[in-house]
Amino acid sequence: MSSASYDTHQRQSGWPDDTRPYFRPAGKLLLALVLTFITLVPGGPVETRDFSGLGGPVFWGFNVFLVLLGIGAVASAIGLLRDSKTAAIGGIIAGWGYTFVVLLDLGHVFPATPDPIPLLLGLIEILDAILAAYVIMLCHRGLGQI
């Protein structure tokens, strides 16, 4: 699609402005967020805490939630790179999902383990919270909501 026809399509569909300055960076940041979060897999090089006290159903339920969040975030990121309005809504949801997970962990709410949070894990989670905030703001901005 040429730039002129793209701009005409955007105006006809009632979009507030050109979303490219917002959605594409949001998509890239969301992919970076997913990639940094993948490094936090239990038993990996960063996440060294013992989760045996959680029990199987809770541990696996949480892992299923994280996997679904990751899949949804990757799908939203791809859509954002293609300037999808629907993907922006998914990006907002994913951003809040990651923020919620990080706040629960850093707040020692869930998962509660006897081991302290390793320094590198805490730093990556803070970085992820910042990335999530940027994704949320860029998506809202691209949708014309702020």
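What percentage of the 146 residues in the protein chain do buried residues make up? I looked this up before anything else, keeping in mind that the model is a predicted one, and found that buried residues account for 40% of the chain.

**Entry: fold.** I went through the secondary structure and counted 5 helices and 0 strands in the protein chain, so that, in keeping with the helix and strand assignment used here, the order of elements from the N terminus reads α-α-α-α-α. I then turned to the contacts between residues at least 6 apart in sequence, and noted that 77% of them join residues at least 24 apart.

**Entry: surface.** For the accessible surface of the protein chain I recorded about 8000 Å², with 71% of that belonging to carbon and sulfur atoms. I next looked for a nonpolar patch on the surface and found one of about 890 Å², made by L106, L119, L120, L123, I126, I130, Y134, M137 and I146. I asked which helix gives the most to this nonpolar patch, and the entry reads helix α5, spanning residues 119-142, with 7 residues.

**Entry: L123.** I picked out L123 as one of the patch residues and confirmed that its place is in helix α5. Is L123 buried, partly exposed or exposed? I noted L123 as partly exposed because its relative accessibility is 49%, and the class called partly exposed ends at 50%.

**Entry: T99.** I moved to helix α4, which covers residues 85-106 and holds T99. I wrote T99 down as buried because its relative accessible area is 12%, whereas the cut-off for that class is under 20%. Leaving aside the neighbours of T99 within four places in sequence, I looked up what T99 touches and found contacts with A132 and I136.

**Entry: largest pocket.** I recorded a volume of about 460 Å³ for the largest pocket. Its lining consists of 24 residues, and I marked F37, L40, V41, P42 and L66 as those that lie nearest the centre of the pocket. I then asked which helices each supply at least two residues of that lining, and listed α2 (20-38), α3 (56-81), α4 and α5. The largest share of the lining comes from α3, to which I credited 8 residues.

**Entry: looking back.** I note that helix α5 appears twice in these pages, as the element that gives the most to the nonpolar patch and as one of the helices that supply at least two residues of the lining of the largest pocket.

Definitions and conventions: Residues are numbered from 1 along each chain as its sequence is written. This is a predicted model: local features need pLDDT of at least 70, side-chain atom pairs count only at pLDDT 80 or more; totals for chains, interfaces and linings use all residues. Side-chain values use heavy atoms; hydrogens and water are left out. Patches are made of residues with over 30% relative accessible area and no salt bridge: like charges are joined within 9 Å, nonpolar side chains (Val, Leu, Ile, Met, Phe, Trp, Tyr) within 5 Å. Accessible areas come from the Shrake-Rupley method with a 1.4 Å probe; for residues, only the protein chains shown count as cover. A salt bridge is a side-chain nitrogen of Lys or Arg within 4 Å of a carboxyl oxygen of Asp or Glu. Helices (H or I, at least four residues) and strands (E, at least two) are DSSP runs, numbered from the N terminus. Buried means under 20% relative accessible area, exposed over 50%, partly exposed in between (1.4 Å probe, protein chains only). Contact means heavy atoms within 4.5 Å. On a 1 Å grid over the protein atoms alone, a cavity is a set of points where a 1.4 Å probe fits but cannot get out, and a pocket is an open set with protein on both sides within 12 Å along at least five of seven lines; lining residues have an atom within 4 Å of a point. Grid points are joined across faces, edges and corners, and a volume is the space filled by probe spheres set on the points.
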